[in-house]
Amino acid sequence: YNTPGIYSVRLVASNGGSSESITAENYIIVLPSTGTTIPYSEGFESFTDFPDNNRFILDNEANDVTWELNTTVSHSGSKCISLDNYNVTNQSKDGLMSGTIDLSGVDPDDAIVFNFKYAYRRQTADDDEWIRFYISKDCGETWALRKNIHGDDLGPEISGSPFTPATEWDWYQVNITNIYADYFVPNFRYKIEFESDNGNNIYLDDINLYAASTADVNEIEFGESISVYPNPIANESTISFFTPQTEAYSIVLYNALGAQVKTIFIGDLQGGEHLIRWDASDLAKGVYILKIESQ
């Protein structure tokens, strides 16, 4: 196939005297061998029908409920995609596969920034559902697992009724940091897969992929255990840090004169890695000091 598109296939079987044929409609999807350019972002705002079998293709293992366009909630804009997963008990996997993306122009010494947002709550404390993130360097012939999130890490809060996100704080950001130079190919693809376990609804929005050197914002590292991104900050930022043990912590923001302007977090944290998202849209332009303090 020389042209990207969706093709039907006709099979003819003959014994030399008679023949039978069957046609499979819309059977083969051909993607561009050189994909869309970066920086790449997808908020699903331009979709009226989903999927389009070009920008996105669905892998619906159980041939039941799957990802669909949602025009009632979103993290930004007015649309996202969602999976009506409430009370789905068959442990089915539903994959969202991208079209091809051209990473061939990225410098091998550069880094790829990839992130997306999801909203989710478990139905019960026993739910063990998964998000898995895969990448491909051969147009989807093979997939490599790069991140998985499940159980408490996927969503610590519980909702016994069908979940719908109501505020921006219902959304989590996933950061993928291990897309390496051997995947800088013209037909790169990614897949986000959800595995059900009698759980609750899940929503996806704001997918971003770009080379770190071309970004307008940079991540600034503070020591070995704390980072803030994006930095400079526009509206929302994420603080990533490691706590050596479980105890009480506070995260406070000060202005350049040392006056306290905002308390971002106060409470107990378990030992390990943490991501704290916070709204910075009400801050005046300037330089601020972030202080993380434990007992």
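## Strands and their partners

Strand 5 (residues 68-70) and strand 6 run antiparallel and are joined by 3 bridges. Keep in mind that this is a predicted model. Across that pairing, Asn70 sits opposite Cys80 in strand 6.

Let's stay with strand 6 for a moment, which covers residues 80-83. It has another partner too: 3 bridges join strand 6 to strand 13 (residues 202-211), again with the two strands running antiparallel. Here Ser82 is the residue to look for, as it stands opposite Tyr203 in strand 13.

So much for partners; what about the faces of strand 6: are its residues buried or exposed? Both faces are covered. Cys80 and Ser82 point to one side, Ile81 and Leu83 to the other, and all of them are buried.

Further along the chain, there's an open sheet of 3 strands, in the order 18-17-20, with antiparallel pairing. Its edges are strand 18 (260-269) and strand 20 (288-294), each pairing on one side only. From one strand to the next, the twist averages 15°.

Inside that sheet, strand 17 (residues 247-255) pairs with strand 20 in the antiparallel sense, over 7 bridges. If you want one spot to find on screen, try Leu253: its bridge partner in strand 20 is Leu290.

Here are the pairings with their bridge counts:

| Strand | Partner | Bridges between them |
|---|---|---|
| Strand 5 (residues 68-70) | Strand 6 | 3 bridges |
| Strand 6 | Strand 13 (residues 202-211) | 3 bridges |
| Strand 17 (residues 247-255) | Strand 20 | 7 bridges |

Definitions and conventions:
Residues numbered from 1 in each chain as written. Predicted model: local features only at pLDDT ≥ 70, side-chain atom pairs only at ≥ 80, totals over all residues. Heavy atoms only, no water. Pairing = 2+ DSSP bridges. Helix = DSSP H or I, 4+ residues; strand = E, 2+ residues; numbered from the N terminus. Axes fitted to C-alpha atoms, helices over the stretch in contact; angles between N-to-C directions. Buried < 20%, exposed > 50% of the residue type's maximum accessible area, 1.4 Å probe, protein only.
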